[in-house]
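Please open the model in your viewer and keep the sequence panel beside it. This tour moves from one selection to the next and tells you what to look for at each stop.

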Amino acid sequence: MLILVSLLLALSKNGFAQKVKHVHFEPYETLRKHFQSSALSFFFKDSLAVYKKSIQVISHLHSLGYLTANIDSSRINNDTLHLYVFSGEIYRKAYINTESISPTALRRTGLKGTFNEIHKFSYKEFFRAEKKLIDYYQTIGFPFAYIFLDSLSQNNKALNGKLKIVPGPFIVF
């Protein structure tokens, strides 16, 4: 995310925000497996539109299991901006430790046993499950609760981590 913010600042410094420019994602051949050509090479009038499109490309790669995908660097050549994407490896399995989450919360959200071993890792499904837990905590009086993965590691294309929740203050209306 820091690279994307830096990219936005660099674009505005180079006058990119005022001119119609061509944007091209690299490495084109690798990315073409997952995107249509029009998504990887296009014209934009301002840097905010480039930033939004960059977020979409990286988010799509994340949803495919490329969890380390990010924009590595950029280069401006005449009227073309080249964005170099690091896709990394596909993570197909995940082992998520849920010992720090209340068994009641896991049971009431229907997630008990869901995280122990995920054989086909899905970024979207993982975030849906996280949202269920957040919604549960918000309904029982913890509106500022948030969830995060702690102690992340990788081993043989598998993601390992501990799911933790910070409930925040208990609030009753």
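## First stop: E89

Begin by selecting E89, which sits in the loop between β4 (80-86) and β5 (93-97); helices (H or I, at least four residues) and strands (E, at least two) are DSSP runs, numbered from the N terminus. What you have open is a predicted model, in which local features need pLDDT of at least 70 and side-chain atom pairs count only at pLDDT 80 or more, while totals for chains, interfaces and linings use all residues. Residues are numbered from 1 along each chain as its sequence is written, and side-chain values use heavy atoms, with hydrogens and water left out.

Is E89 buried or exposed? With a relative accessible area of 42%, E89 is partly exposed, given that buried means under 20% relative accessible area, exposed over 50%, and partly exposed in between (1.4 Å probe, protein chains only).

Now show the surroundings of E89: leaving aside residues up to four places away in sequence, E89 touches G65, Y66, L67, T68 and K157, where a contact means heavy atoms within 4.5 Å. T68 is 21 residues from E89 along the chain, and the C-alpha atoms of the two are separated by 7.4 Å.

## Second stop: the sheet

Next, select β5, β6 and β7, which form an open sheet in the order β5-β7-β6, with mixed pairing; two strands pair if DSSP finds at least two bridges between them. Because β5 and β6 (146-155) stand at the edges with a single partner strand each, one side of each has no neighbour in the sheet. From one strand to the next, the twist averages 25°.

Keep β6 and strand β7 (residues 158-166) highlighted, since this is an antiparallel pair joined by eight bridges. To see one residue pair, select S153, whose bridge partner in β7 is N160.

Then add helix α6 (residues 123-139), which lies across β5, β6 and β7 and runs at about 150° to β6; axes are lines fitted to C-alpha atoms, for helices over the stretch in contact, and angles run from 0 to 180 degrees between N-to-C directions.

## Last stop: the whole chain

Finally, show the entire chain, which has six helices and seven strands, and in which buried residues make up 38% of the 173 residues.

If you colour by pLDDT, the predictor's confidence in each residue, from 0 to 100, the chain averages 79. Confidence is lowest in helix α1 (residues 2-13), at a mean of 52, and highest in helix α5 (residues 103-108), at 88.
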